[in-house]
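This note is intended for a colleague who is meeting the structure for the first time. Please read the points below alongside the sequence and the model.

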Amino acid sequence: MARSTTTILHLLVAALCILSSAITSSSAASSSDVDGFISCLSASIPPSRIKTPASTNYSSQLMSAVHNLRYVLPGIARPLVIVAAGEPAHAQATVLCGRRNSVRVRTRSGGHDYEGISYASIHPNEHFAVLDLGELRSINIDTSRAEAWVGVGATLGELYYAAGAANKTFGFPAGNCPTVGVGGHLSGGGFGALSRKYGLSVDNVIDAVVVDVEGRLLNRSTMGKDLFWAIRGSGGESFGVVLSWKVRLVPVPETVTVFSIRRLRNQSAVELITKWQEISPALPRDLYLRVLIQNQQVNFVSLFLGRCGELVDTMRARFPDLGMTERDCQEMSWVKSTVFFFYNTANLPAEVLLNRTGANYFLKVKSDNVQEPLPRQAWESLWDKWLEKPEAALVMLDPYGGVMRTISPSATPFPHRNDLYQLQFFSFWFENGTETLEKRLSWVRGVYEDLAPYMPKNPRTVYVNYRDLDIGINELEGNVTSYAKARVWGEKYFKGNFKRLAAVKSKVDPDDFFRNEQSIPPLPAAKW
């Protein structure tokens, strides 16, 4: 049956949610190690929370937070065990039992990682367990202090809904996809529509609770400043298991304004994109203006922390070519604006933010952090060569600027604060098959290669929440991850912050227990 236009549109927007060669792995865990691991878990965790492939609900638990079907295909390693944690002690036991029995642990909160590494491995012989944190989703708001403790299993939508329910003037700077898990999103930094006003999510993190490699529960005061720095933007799953974040809620007006303006190619779309590159990052901090290119048209989507009249005046002064008028305005609460950004309509109740179910499809994404505007001819070439192909799904441009430029690139591991904007290329599809897979991967990788002349070099940079295994994967040197090999991808995510991250790793997890295809390696003693 053909999919309805509404369904296709929703899936296109849902694609915004999601974050080669084989990894050289340690020797596979023996059956006795796995048996010992399960026996150890059973001493501290109810059996109903321990899922093995023999369990009737193993597949449903695994698929409950899978958002890229490429990583449940044959040849992709699945977890030997899934532990559905219901309390912090379950996470502690999983880490300790894993270390004692040589079973490595991957953690999952929302499962939106573009490359699926929170629940899968590209190495078919990799043996690991998944610590599923989806039930650790409590949100406790202190209205008098405008602060909240948020479990990592909560979604962004649940956090937005809870903040708005507590006070109409509470917001939080994070991503535009409400089904994304708080845990992974904040571990990578957390960028969204309020970031030009208030910075990244991690710029508004006050505290955290972490299980370290020794199984201890640590908070900001007991983990130390280096580890607290590292967990706020390193991508997670390198230093320990974050169980909850304490965040600062930010003030938003009771009424904000949004608009969505579409332009076709023959309506000066290319000229508008070219101008947007310089205009949008320099707009006032209260104004966020993103660009979505799909179905061979351009959609300019905006959030303004104020009323329609002021927004019209600003757009007429700063970006008159777009032709924005009062008829384009929609005024609403900030919480309803988060509904608008995901569903492309405000005609839905705020309760839709509580929906934890995301779309399932096959996905590949590549991205860049853009430092210089692309010339008009680059956009013309992109359109002619790539955007008219049936494989084309979505191109997304998100502006930096605003308060982002006032914060040091070394304040957290996220180093891209002085760039102009993020640029992402999505290809997603619903039909399984080798021919379809190759065609889709060829499209997204072809776009990426064609834009290479316009992108920064040494390194060409990527935001870690848009994880891409094409840029490099880990190899072992002895029994720990090679720092030299990891630099190939690590400096693309973290620039000069990568060495500092590796130094923290050497202190808190020197034996490299927490590792995956792109985990932070320990820094060799010779590099200190």
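1. Helix 14. The model discussed here is a predicted one. Helix 14 covers residues 434–450, 17 residues in total, and its first and last C-alpha atoms lie 24 Å apart. That reach is close to the 24 Å expected at 1.5 Å a residue.

2. Burial along helix 14. The buried residues of this helix are Arg440, Leu441, Trp443, Val444, Gly446, Val447 and Tyr448. Their cover includes three strands, namely strand 16 (362–370), strand 17 (394–399) and strand 18 (421–429). Helix 13 (376–387) is also among the elements that cover the buried residues of helix 14.

3. Threonine 461. Beyond helix 14, in the loop that leads to strand 19, the reader will find threonine 461. Is this residue buried or exposed? Threonine 461 has a relative accessibility of 0%, under the 20% cut-off, and therefore counts as buried. When neighbours within four places in sequence are left aside, its contacts are Ser367, Asp368, Asn369, His416, Asp419, Lys492 and Lys495.

4. Glycine 478. The loop between strand 19 (476–477) and strand 20 (480–481) holds glycine 478. With a relative accessible area of 73%, glycine 478 is over the 50% cut-off and is therefore exposed. From the C-alpha atom of glycine 478 to that of proline 74 the separation is 29 Å, while along the chain the two are 404 residues apart.

5. The second largest cavity. This cavity holds about 100 Å³ of space. It is lined by 15 residues, of which Tyr160, Gly175, Asn176, Ala193 and Thr338 are the closest to its centre. By type, the lining consists of 11 nonpolar and 4 polar residues, with no charged residue. Which element supplies the largest share of this lining? Helix 12 (residues 334–343) does, with 4 residues.

6. Helix 12. Of the 10 residues of helix 12, 9 are buried, so this helix is largely enclosed by the rest of the structure. The buried residues are Trp334, Val335, Ser337, Thr338, Val339, Phe340, Phe341, Phe342 and Tyr343. Thr338 thus appears both in this buried set and among the residues closest to the centre of the second largest cavity. After helix 12 comes asparagine 344, which has a positive phi, near 60 degrees.

7. Alanine 91. Helix 4 (residues 88–100) contains alanine 91. The relative accessible area of alanine 91 is 0%, and the residue is therefore buried. Not counting residues up to four places away in sequence, alanine 91 touches Leu131, Val211 and Leu243. Tryptophan 149 is 58 residues from alanine 91 in sequence, and their C-alpha atoms are 18 Å apart in space.

8. The chain as a whole. The protein chain comprises 16 helices and 20 strands. Its radius of gyration is 22 Å, close to the 24 Å given by the globule rule for 528 residues, so the chain is as compact as a globular protein of that length. The C-alpha trace spans about 70 × 55 × 55 Å along its principal axes. Of the 528 residues in the chain, 60% are buried.

Conventions:
Residues are numbered from 1 along each chain as its sequence is written. This is a predicted model: local features need pLDDT of at least 70, side-chain atom pairs count only at pLDDT 80 or more; totals for chains, interfaces and linings use all residues. Side-chain values use heavy atoms; hydrogens and water are left out. Helices (H or I, at least four residues) and strands (E, at least two) are DSSP runs, numbered from the N terminus. The expected span of a helix is 1.5 Å times one less than its number of residues. Buried means under 20% relative accessible area, exposed over 50%, partly exposed in between (1.4 Å probe, protein chains only). Contact means heavy atoms within 4.5 Å. On a 1 Å grid over the protein atoms alone, a cavity is a set of points where a 1.4 Å probe fits but cannot get out, and a pocket is an open set with protein on both sides within 12 Å along at least five of seven lines; lining residues have an atom within 4 Å of a point. Grid points are joined across faces, edges and corners, and a volume is the space filled by probe spheres set on the points. Ala, Val, Leu, Ile, Met, Phe, Trp, Tyr, Cys and Pro count as nonpolar, Asp, Glu, Lys and Arg as charged, and the others, Gly among them, as polar. The radius of gyration is taken over C-alpha atoms; the globule rule is 2.2 Å times the number of residues to the power 0.38.
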